[in-house]
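Trainee: Please take a close look at the salt bridges in this model. I would also like to know what lies around them.

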Amino acid sequence: MSRPAPRVGRYALRLLSLAAALGLWQLLTSLDVDLWLRFSQFPTVTEVAHAFADRLAGGDYWTDLADSLTRILTGFLLAAVLGVATGVLVARSRLAEDLLGPVLEVVRPIPAIALVPVAILLFPSNEQGIVFITFTAAFFPVLVSTRHAVRALTPVWEEAVSTMGGGRWRILGSVVLPGALPGIFGGLSVGIGVSWICVISAEMISGQYGVGYRTWQDYTIVNYPGVFVGMVTIGVLGWLTSTAVELLGRRLTRWLPRTSYVPGARLRTPRGGEPTPSADAPAAKGSARRGSVPGEPPRRGSASDAEEARDEHLV
């Protein structure tokens, strides 16, 4: 169990790095430093803070926030469901791969923001077009990650379930989806970040409300503190949604074996010997195998033993 003191120290270090970045920003902008980068054109931290406080007091800020979050969540949830389903289908069926694979691979390199004219032509309202852009941005990272995760599964697990009488749906529910969850959530983490980039760009082009629309309006009227308020809002929202996806992924994959790596634990290499953990590193659980001869040093489990235990646990 981790001690609370190092964790508090890490949080304090992160806050210190953020404070140092803000202090450097304030120093460069207040002194109007113009070496190669023109910091004299930037608003100061205090100006942005005052603009942020004024924006929070108004109702438009919260309306823009709600609109952007609604577009993101709608498009992202659709992309998560359809991306996982399509990825599993393409990875498990040769017919689906032959039919859908060429079309998906041709469309995938097209930037989602380049589909704005297509969305304007296809959908009767700008709102539906923005959701479509958000969906497209998140769909392909989820699809590709799911496809690779399913194809990387060990065939032994599926064969074991088949031997015990499990059918196709049983294999899908007990082997394929649980085994591919880490890869799926990796694609979801990437997809939510790309969705924020594209939804802000779509709002700037064809939106009426939203954080991106308001940021572009501030730029057109040369309200640079307001532009930075929009940028900070986008960054915080992107960080919160990405963190939520990662926390959900960790909770749903708690049954997976975790790595024994401990941040900050260094290995000491004695002369002529194997690396040993330092004194402050926690002892690894299960390092000694059962049935070892008394008086002998504990033997470390081999990689094959760890893989065998993991396979048995997953099946």
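Mentor: I start with the chain as a whole, then take the charged pairs and their surroundings. The model is predicted, so local features need pLDDT of at least 70 and side-chain atom pairs count only at pLDDT 80 or more, while totals for chains, interfaces and linings use all residues. Residues are numbered from 1 along each chain as its sequence is written, and side-chain values use heavy atoms, with hydrogens and water left out.

The protein chain has eleven helices and two strands; both are DSSP runs numbered from the N terminus, helices being H or I over at least four residues and strands E over at least two. The order along the sequence is α-α-α-α-α-α-α-α-α-α-β-β-α. Of its 315 residues, 31% are buried, where buried means under 20% relative accessible area, exposed over 50%, and partly exposed in between (1.4 Å probe, protein chains only). Among contacts with a separation of 6 or more, 64% are between residues 24 or more positions apart; a contact means heavy atoms within 4.5 Å.

Side chains of opposite charge can pair when their charged atoms come close. A salt bridge here is a side-chain nitrogen of Lys or Arg within 4 Å of a carboxyl oxygen of Asp or Glu. The whole structure contains seven of them.

One group centres on Arg 71, which is linked with Glu 127 and Glu 203 in a network of salt bridges. The bridge between Glu 127 and Arg 71 has its closest N and O atoms 2.9 Å apart. Glu 127 is in helix α6 (residues 126-151) and Arg 71 in helix α3, so this pair ties together parts 56 residues apart in sequence. Arg 71 is buried, at 3% relative accessible area, whereas Glu 127 is partly exposed at 36%. The side chain of Glu 203 also meets that of Arg 71, at 2.8 Å from N to O. Glu 203 belongs to helix α8 (residues 168-206), so its pairing with Arg 71 in helix α3 ties together parts 132 residues apart in sequence. Both Glu 203 and Arg 71 are buried.

Another salt bridge joins Arg 55 and Asp 218, at 3.0 Å from N to O. This pair links helix α2, which holds Arg 55, to helix α9, which holds Asp 218, across 163 residues. Both Arg 55 and Asp 218 are buried.

Arg 55 and Asp 218 are also among the residues that line the largest cavity, together with others including Asp 60, Tyr 61, Asp 64 and Arg 214. On a 1 Å grid over the protein atoms alone, a cavity is a set of points where a 1.4 Å probe fits but cannot get out, and lining residues have an atom within 4 Å of a point. The search finds two cavities of 30 Å³ or more, and the largest has a volume of about 80 Å³. Grid points are joined across faces, edges and corners, and a volume is the space filled by probe spheres set on the points. Helices α3, α9 (211-220) and α10 (224-252) each give at least two residues to the lining of the largest cavity.

In short, Arg 71, Glu 127 and Glu 203 form a network of salt bridges, and Arg 55 and Asp 218 form a salt bridge between two residues in the lining of the largest cavity.

How values were computed. On a 1 Å grid over the protein atoms alone, a cavity is a set of points where a 1.4 Å probe fits but cannot get out, and a pocket is an open set with protein on both sides within 12 Å along at least five of seven lines; lining residues have an atom within 4 Å of a point.
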